[in-house]
Amino acid sequence: MIIVAVRALILYTFLLISMRIMGKGELGELQPFDLVVSLMLAELAVIPLGDLGEPLFHGFIAIATIMFLQCLISYITLKNNGARKIISGVPSIIFDHGRFNVKEMKKLRINVNDVLGQIRLKGYCNIEDIDYLIMETNGEMSIIAPDDPPGTKCKRLPVATILDGKVMYNNFKKYNVSYSDFEKELKKKKINPKDILYGFVDEDDNFIFYVR
């Protein structure tokens, strides 16, 4: 048991040093390649611990090799923008001044509900309050909005009336929204519900529609 503890301590120290050499970005950004490297390091560290007959030196060589490759890839992506695009990808604009980028949303396999959840997490209750919503290469969503601070008090969260072309009938009764006013607004703007990606009524009972 003492041998296992000593081997674990040595491997832990070596892994800690390796992660420090690779830099803070490996922990903070979590790019796809970084995540793969982290998982591989964890697996390689387990091998000498699970098999006491396996020399620690073998584990050191494997971990050092992965560490070298990661540092090499990080250097290449730092110096070569084309390589960075291939390895890390590029940010995707999901929402741009009142329009959803449906093509990118399908590519990333996210829907309107995912987008709305993200803006709420960022402190905005209404998508009308933001200019851009961007999916960063590490999977995080960032928001670019006017200088007004987020999280302003609102009387009511926006109520969805249409999601991906489907009318949310239950929401009209549940949140006491006038369906007749909804129909009038559709006729006024000459929009078919099937052509609407996202429609909602705001806190001031204004009907807003985003066409595909």
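Start with burial across the whole protein chain: of its 212 residues, 33% count as buried (under 20% relative accessible area, with exposed over 50% and partly exposed in between; 1.4 Å probe, protein chains only). This is a predicted model, where local features need pLDDT of at least 70, side-chain atom pairs count only at pLDDT 80 or more, and totals for chains, interfaces and linings use all residues. Residues are numbered from 1 along each chain as its sequence is written, and side-chain values use heavy atoms, with hydrogens and water left out.

Show the surface next. The accessible surface of the protein chain comes to about 13600 Å², and carbon and sulfur atoms account for 59% of that area. These areas come from the Shrake-Rupley method with a 1.4 Å probe; for residues, only the protein chains shown count as cover.

Switch to cartoon. The protein chain has 9 helices and 8 strands. Both are DSSP runs numbered from the N terminus: helices are H or I, at least four residues, and strands are E, at least two.

Turn on contacts (heavy atoms within 4.5 Å). Take those between residues at least 6 apart in sequence: 56% join residues at least 24 apart.

Now select Lys190. Lys190 sits in the loop between helix 9 (179-189) and strand 7 (196-201). Its phi is near 55 degrees, a positive value in a residue other than glycine. Lys190 is exposed, with a relative accessible area of 77%.

Move on to Asp205. Look in the loop between strand 7 and strand 8 (207-211). Here too the residue is not glycine, and phi of Asp205 is positive, near 65 degrees. Asp205 counts as partly exposed, at 49% relative accessibility.
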